[in-house]
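Dear colleague,

Please find below the structure that I am handing over to you, followed by an account of what was found in it.

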There are 2 protein chains.
Amino acid sequence: MSLRPTLDFLLHQWLGVESLRSRERFADHSRETFDAVLDTCERIAREKYAPFNRLVDTQEPQFDGEKVILPQATHDAQKAYAESGMLSAAQDYEVGGMQLPYTVEASANAFFAMGSVSIGSGMLTTGNANLLMKHGTEAQQRVFALNEFSGRFSGTMCLSEPQAGSSLSDVITRALPDGDGFENDPLGPRYRLRGNKMWISAGEHELTENIIHLVLAKIPDENGKLVPGVKGISLFIVPKKLVDTDGQLTGERNDVALAGLNHKCGWRGTTNTLLNFGEGKYPVRGEAGAVGYLVGQPGKGLQCMFHMMNEARIGVGMAATMLGMAGYHASLDYAKNRPQGRPMGAGGKDASAPQVRIIEHADVKRMLLAQKSYCEGALALELYCARLVDEQHTGDAQAADDARLLLEVLTPIAKSWPSEWCLEANSLAIQVHGGYGYTRDFPVEQYWRDNRLNMIHEGTHGIQGMDLLGRKVLMENGKGLQLLAGRINATLERAIQIPELAAHANALGQALAQVGAATKAAWATGDPGDALANAVPYLQAFGHTVLAWIWLDVALAAHALAESPARTGRLGAMRYFFHYELPKIGAWLQVVSARDQTCASLPEAAF
Amino acid sequence: MSLRPTLDFLLHQWLGVESLRSRERFADHSRETFDAVLDTCERIAREKYAPFNRLVDTQEPQFDGEKVILPQATHDAQKAYAESGMLSAAQDYEVGGMQLPYTVEASANAFFAMGSVSIGSGMLTTGNANLLMKHGTEAQQRVFALNEFSGRFSGTMCLSEPQAGSSLSDVITRALPDGDGFENDPLGPRYRLRGNKMWISAGEHELTENIIHLVLAKIPDENGKLVPGVKGISLFIVPKKLVDTDGQLTGERNDVALAGLNHKCGWRGTTNTLLNFGEGKYPVRGEAGAVGYLVGQPGKGLQCMFHMMNEARIGVGMAATMLGMAGYHASLDYAKNRPQGRPMGAGGKDASAPQVRIIEHADVKRMLLAQKSYCEGALALELYCARLVDEQHTGDAQAADDARLLLEVLTPIAKSWPSEWCLEANSLAIQVHGGYGYTRDFPVEQYWRDNRLNMIHEGTHGIQGMDLLGRKVLMENGKGLQLLAGRINATLERAIQIPELAAHANALGQALAQVGAATKAAWATGDPGDALANAVPYLQAFGHTVLAWIWLDVALAAHALAESPARTGRLGAMRYFFHYELPKIGAWLQVVSARDQTCASLPEAAF
């Protein structure tokens with residue numbers, strides 16, 4: 001079973017990505033070039049990623065006292081990925097990129113996430129280099145970003161600290177000017193950093209010649225004090241090994257030391273580290289302090305980072321989606337081949353009849369269709385968001401601004417919804433396998449463990465809920481929410497014309513009205529404490545409504561095609577979502593609308 | 001934080017277990033003897049179980065070619081458990097038991113499940129021996145059961161086979177009479193068994209002198225054919241090592257061989273095996289075939305097994321509950337001690353204020369209260385069912401019969417509900433910990449992995465749903481459901497008198513009416529295919545309704561006490577359940593009532 005027909009349908013029949021060729025940036029592209037990229041990535045994922053997914057789970061990164069040891073398969077996979085050109089797929093031709101639409105890039109990367117989500121950390125390197133292409137100097141781009149795009153260097157993002165996980169305003173890593181003339185370093189104003197960074201993925205390894213850390217830190221004021229809050233945060237490039245202005249290693253190690261590897265429940269192919277910056281283990285010119293080069297303006301570090309946030313969060317949502325998809329395909333395959341039991345028919349069971357394959361049991365079908373509905377729906381959502389990224393970058397002014405605002409509202413859903421529901425899909429994939437699914441002889445338990453990370457990193461579920469209800473639906477006088485409502489209404493107006501879809505269109509209209517009313521009710525007192533106590537149930541209801549819309553829109557595209565099993569399947573998955581899932585929003589919105597304080601008001605001693 | 005206050009409240013203030021002293025069997029007991037048992041078990045669990053829970057996860061059972069090697073901690077824990085007398089706690093004084101009520105036995109065992117669910121397999125040994133005390137001959141009881149109660153031998157249940165997981169009618173293990181005079185063996189009619197058994201917990205180890213397998217197999221008819229279906233199944237005692245009529249090992253190994261260890265996602269402290277019976281690896285008297293002694297009548301094997309099923313399923317529900325509870329306590333402790341971020345107040349955030357402990361964040365409180373509501377509610381349900389077991393065994397005829405029938409209806413819920421929702425609690429416990437919860441430095445990810453088993457073993461979720469909607473709510477003309485409705489109505493009639501509880505009583509009444517209407521609608525066509533396509537959503541809605549009832553009944557007991565943080569907490573958890581959880585039943589029941597065939601009717605090619 002291949003992902004490809006689903007991807008092709010969504011990209012072409014549904015999103016019509018070929019129309020992007022009308023944009024100057026993508027003018028050289030065609031269905032053929034898009035297909036070639038997908039073909040290549042599908043092949044590399046099949047050959048270099050999927051076969052080693054269990055291996056990287058069992059052979060965790062090990063620190064031998066000097067180096068972090070990873071399986072050879074990880075080296076091979078990353079090499080193949082770099083050679084494919086995917087690290088710079090979206091970049092300009094002139095820096096060696098393909099000027100590929102983000103929608104196609106994200107689609108191509110889906111194969112790797114499905115094959116082995118943790119073997120590669122290309123997303124981090126690309127994100128790191130993209131940030132430098134946006135905010136770095138020419139020298140920073142040439143020396144760091146371009147070497148990341150080529151696969152010579154890799155990149156990290158160093159935000160969290162042990163005492164301040166999600167609370168970036170509490171960052172206490174300090175950056176002090178590095179001596180006289182620090183401002184005139186050709187690689188950017190030069191500082192010395194001291195502090196500890198936690199949860200740094202790909203923070204130490206031997207996969208590449210060098211590791212380029214992007215580090216959030218604070219520059220103390222004239223009294224040596226750190227500015228409280230996020231306003232004091234600046235962004236620095238801190239290479240593991242020092243480089244000259246040609247990007248060659250000087251032979252000197254920077255003062256960045258591995259303080260520990262995190263041993264995780266899943267996602268074990270990716271090294272995750274605690275790093276010490278500037279503790280003096282590797283003094284530079286005889287002095288403790290990690291050398292770092294300022295990116296952009298002092299105090300504007302978080303803005304540079306947040307610029308990458310939407311794509312990073314879509315990336316997490318896509319990873320969650322593809323883990324769910326991998327489990328769906330595995331359990332579908334199992335269900336088609338495993339004989340067991342007999343269906344309960346009107347005449348009861350005939351024990352002398354041969355056993356049937358478990359896909360013939362209604363409850364197994366329910367678990368499969370739920371997975372299909374969650375994962376193919378989530379994939380559609382991620383691709384829709386990716387298409388908005390392309391619109392934001394290449395559309396006309398109005399379309400670009402609409403895309404920007406829609407992305408603001410949809411990103412918390414694109415990140416959170418697959419993290420929750422494609423994890424549930426993974427649990428159903430285990431359940432379809434029965435006892436076998438609970439063993440490590442089958443891949444599904446690993447997908448489930450790997451996927452559990454996605455509700456945590458890149459902003460927890462709680463943070464996504466606060467972001468959505470506390471910021472996104474309010475921003476610019478609610479214009480983002482109105483834009484989304486406009487898109488939803490456009491879909492349901494088309495659907496209501498089609499008898500087979502009309503009832504679903506009505507259900508979606510009611511759901512949208514309920515979400516709108518709950519949004520108002522949540523903020524009726526104007527007190528964030530009242531509104532945000534139930535931000536997560538709001539996020540869940542909002543997410544289910546968005547997915548119902550996505551499914552109805554996908555169903556419109558499917559409905560327009562000739563009869564086929566795939567068409568029947570897509571319409572079935574849409575019906576599943578409307579019958580079994582959308583009605584859940586009532587329970588979630590009830591506490592939002594009531595501004596229910598049952599949880600928030602319970603005194604600590606009562607737990 | 002201790003489980004004890006919650007247990008004491010439920011046992012005494014809520015269930016009034018001391019009243020069991022009025023039963024002749026329990027006349028010697030008192031609050032003091034009950035407390036002494038709980039004290040002992042709490043201490044052993046604290047000293048011998050909990051400290052080694054991570055160890056048994058990392059040091060999985062290993063087969064060295066001859067023996068299965070387990071950590072010393074497992075040997076020590078099982079020894080301490082056996083010495084506590086808990087293996088025979090419920091047995092008669094005359095066979096060395098304590099004549100302890102099952103309610104107290106189950107409560108005491110809860111400490112071990114919470115400390116380390118997989119280190120011990122006492123439940124299997126007790127269940128095995130209990131079955132023999134019910135269905136075995138005097139000699140079988142003396143030779144096998146009593147040695148299991150003492151901890152000298154341990155026991156297994158061998159039902160599943162590789163080609164027939166949950167489908168017991170497809171068992172093909174054969175039992176043939178073992179030569180002339182086979183019927184007159186003092187240990188029971190003697191057969192030779194040949195076949196393979198899968199998923200056998202504690203199927204091979206060196207923890208005890210001997211392992212007593214209870215094995216389902218079929219005796220061929222005069223033509224050598226196996227009777228199809230469950231009617232042909234008989235039950236056999238198959239010891240790993242042969243014993244004489246005094247229970248002494250004869251020195252001869254029986255023909256039972258380890259074919260493989262299953263490597264699981266969690267629950268790794270318990271060996272799980274594929275066993276080959278009678279393949280000739282250990283011939284007995286020169287002949288292949290595992291020697292087995294018939295228990296009860298030929299063809300009645302499954303009935304003997306099912307006799308133990310309710311208690312086994314309550315045991316699984318309790319294990320799921322206590323894993324949830326362990327995660328709740330761990331995450332509550334973490335939330336009380338981890339500083340991070342600042343609460344969102346009416347005045348926004350003040351970044352210069354010190355960070356607060358995360359229990360001060362509304363969403364963390366929500367995740368903690370959800371866990372409390374799931375786990376303490378599930379514990380109450382399990383204890384309620386345990387109390388019904390005592391009633392069935394020691395109540396007057398009418399009360400005993402009512403208890404039997406109520407247990408028939410409630411057992412699928414007691415097994416399935418905690419398996420699903422205390423697993424969700426474990427996921428929330430991870431979420432409260434953030435990234436730390438995803439590492440193996442904290443215990444919560446293991447609880448989550450361990451708990452994933454419980455929706456699978458002892459009858460999957462799907463099987464529980466079919467059992468409930470396909471059998472239990474229909475049996476004896478729906479009398480079980482009527483009895484349950486009577487109990488629920490009795491609770492809500494009391495609650496409706498109390499202003500603080502009246503609205504919840506009304507909500508429960510409506511939920512009960514919805515479940516009743518959905519039950520009728522599901523069966524309106526009389527076609528099991530129509531009704532059972534949505535048996536799992538029915539199970540979920542039924543379970544939530546039962547839990548709402550349990551919580552309202554618990555709240556009545558809490559409400560009657562003086563103000564205290566614990567009282568506030570229990571009433572808060574009840575309110576959480578009514579506000580956040582009970583409304584979910586609408587979505588589940590909608591597809592049941594509509595006899596929705598979206599899943600069942602989707603053709604295979606459309607997936």
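A:Glu563 counts as exposed, since its relative accessibility is 66%. In this predicted model, A:Glu563 is paired with A:Arg567 in a salt bridge whose closest N and O atoms lie 3.9 Å apart. The cut-off for such a pair is 4 Å. The partner, A:Arg567, has a relative accessibility of 11% and therefore counts as buried. The pair thus joins an exposed acid to a buried base.

A:Ala566 belongs to helix α18 of chain A, which covers residues 565-581. With a relative accessible area of 33%, A:Ala566 is partly exposed. A:Ala566 and A:Cys304 are separated by 262 residues in sequence, and their C-alpha atoms are 43 Å apart in space.

Salt bridges within the chains

Over all chains, the rule gives a count of 79 salt bridges. One of them links A:Glu391 to A:Arg387, with 2.8 Å between the closest N and O atoms. Both of these residues lie in helix α10 (residues 362-394) of chain A, where a separation of 4 residues amounts to about one turn of the helix. Are the two residues of this pair, A:Glu391 and A:Arg387, buried or exposed? A:Glu391 counts as buried at 13% relative accessibility, and A:Arg387 is buried with a relative accessible area of 13%. The threshold for that class is under 20%.

In chain B, a salt bridge connects B:Asp35 with B:Arg31, the closest N and O atoms being 3.3 Å apart. B:Asp35 and B:Arg31 are 4 residues apart in helix α2 (residues 31-49) of chain B, so about one helical turn separates them. B:Arg31 is partly exposed, at a relative accessible area of 25%. In chain A, salt bridges with shared partners join A:Arg4, A:Asp8, A:Arg31, A:Asp35, A:Asp39 and A:Glu42 into one network.

How the two chains are related

Chain B is superposed on chain A by a rotation of 180 degrees with 0.0 Å of shift along the axis, and the RMSD is 0.0 Å. This is the relation of a two-fold axis. Which residue of chain B comes closest to the rotation axis? That residue is B:Lys584, whose C-alpha is at 3.2 Å from the axis.

The interface

The contact involves 98 residues from chain B and 98 residues from chain A. Because 100% of the interface residues of chain B are also interface residues in chain A, the copies meet through the same surface. The area buried between the two chains is about 8,200 Å², and carbon and sulfur atoms give 60% of that area. B:Tyr438, B:Arg440 and B:Phe607 together supply 11% of the area that chain B buries against chain A, more than any other three residues.

The rule finds 6 salt bridges across the interface. A:Glu604 forms a salt bridge with B:Arg357, with the closest N and O atoms 2.8 Å apart. Polar contacts across the interface come to 40 residue pairs, both residues of each pair being at pLDDT 80 or more. On the side of chain B that touches chain A, helix α18 (residues 565-581) of chain B gives the most, with 8 residues. The residues of that side of chain B divide into 46 nonpolar, 30 polar and 22 charged.

A buried histidine in chain B

B:His361 is placed in the loop between α9 (309-337) and α10 (362-394) of chain B. B:His361 is buried, its relative accessible area being 18%. Which backbone oxygen does the side chain of B:His361 reach? The side chain reaches the backbone oxygen of B:Gln340, at 2.7 Å. When neighbours within four places in sequence are left aside, B:His361 is in contact with B:Gln340, B:Gly341, B:Arg342, B:Pro343 and B:Val356.

Backbone angles

Two residues with positive phi may also be noted. A:Trp199, a residue other than glycine, has a positive phi near 70 degrees, and A:Trp199 is found in strand β5 (residues 190-201) of chain A. B:Glu458 is likewise not a glycine, and its phi is positive at about 55 degrees. The position of B:Glu458 is in the loop between α12 (444-451) and α13 (461-472) of chain B. B:Glu458 is partly exposed, with a relative accessible area of 31%.

With kind regards

Definitions and conventions. Residues numbered from 1 in each chain as written. Chains lettered and ligands numbered in written order. Heavy atoms only, no water. Least-squares fit on C-alpha atoms with pLDDT ≥ 70 in both. Contact = heavy atoms within 4.5 Å. Buried area = accessible area lost by both parts, 1.4 Å probe. Salt bridge = Lys/Arg side-chain N within 4 Å of Asp/Glu carboxyl O. Polar contact = N/O pair within 3.5 Å; in protein donor to acceptor, adjacent residues only side chain to side chain. Nonpolar A, V, L, I, M, F, W, Y, C, P; charged D, E, K, R; others polar. Buried < 20%, exposed > 50% of the residue type's maximum accessible area, 1.4 Å probe, protein only.
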